[in-house]
Amino acid sequence: MAPLRTIATIVLGAASATAFAPSTPLSVRTAVPVVSETSLHGFDKAMADWEAEYPQFAEWGWGPSVQAEKWNGRHAMFGWVLICATAYAKGHGLIPNADVPLDLKEWGTLATISGKNTLTNERAVVLIANVHCFMVGLAATICPLPFSDPLLLDPNDPEHKSTEPFGVLPAMNTGVTQEAEIMNGRMAMMGLITVTATAFLENKPILDVVNEWVGGAYY
C-alpha cells in the first residue's frame, strides 16, 4: 500500500500545483510605453512589483528573478544528490557509527538538539556536507569564475543583464542549455516538496520514503 499512497501523493501534488499557474502562458516581456497592472500575471507581476519597490536590490538580481530561480534550482538538485548519496551511505555502512550521538563534552553546545541531546554522527556528517557545499555555492555566486554565469548581476557591467523569465513551460531545448537547467531545477524543487510532504503524512524519515520510491534499492 505504501507505493500506492506515494503515487497518490505525487499525483495530488502535481494537480494542486496547476491551480497556481497563470491562466495564460508567461511570455518574454517587451518594452512598451504603458503596461497596465492587470496585464501582468504571475512571475512577471512579482518581478515588476519588486523592481518598483526595491530597485537597489533588483539591479543586482535579488528577489523574484531568473537568477534567484537558478540559485534555488541548483541547490535543490544538489539536495537530491546529497539525499541519494546519504541513503546509499546508510545502506552500505559508509558512515562510521552512524547512530552514535556526538559526545557533548567533546563537541559542546554546537552538537546539541535540545537540552543535552546531541546529533548523531550521521546527521553531523550530512549537516557539515550541506554547510560546506552552501558556502562553495555562495562563493561561486559572489566571485564567479570566468567560465561560469553570475547569479548576481553587476549593474556596472552591461554584459551582465537580467535574463527574461522562461515562462511556465520553457522551450524544450535539450542538452546543456538554460532551459534544461530551469526545468531540472523546477522538478528538483517540486520533488523536495513532494518527498517532504510524503514523509510528513506517512510519519517516516525522508530517507525511508526515497528508499521506498526506488523499490528498496538503497537498503
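## Confidence, two helices and a cavity

In this predicted model, confidence is lowest in helix H1 (residues 2–17), at a mean of 41, and highest in helix H7 (residues 178–202), at 94. Here pLDDT is the predictor's confidence in each residue, from 0 to 100, and helices are DSSP runs of H or I with at least four residues, numbered from the N terminus. Residues 1–40 have a pLDDT below 50, yet this stretch has 34 contacts in the model beyond near neighbours in sequence; a contact means heavy atoms within 4.5 Å. The protein averages 75, and 74% of the residues score at least 70.

A word on conventions: residues are numbered from 1 along each chain as its sequence is written, and side-chain values use heavy atoms, without hydrogens and water. Local features need pLDDT of at least 70, side-chain atom pairs count only at pLDDT 80 or more, and totals for chains, interfaces and linings use all residues.

Now to helix H7, where Ala180 is found. Ala180 is buried because its relative accessible area is 16%, buried being under 20% with a 1.4 Å probe and protein chains only. Leaving aside neighbours within four places in sequence, Ala180 is in contact with Asn173 and Gly175.

Helix H4 has these values:

| Helix | Residues | Reach, first to last C-alpha | Expected at 1.5 Å a residue |
|---|---|---|---|
| H4 | 66–91 (26 residues) | 37 Å | 38 Å |

The expected span is 1.5 Å times one less than the number of residues. Just after H4, Gly93 takes a positive phi of about 65°.

Conventions
Buried means under 20% relative accessible area, exposed over 50%, partly exposed in between (1.4 Å probe, protein chains only).
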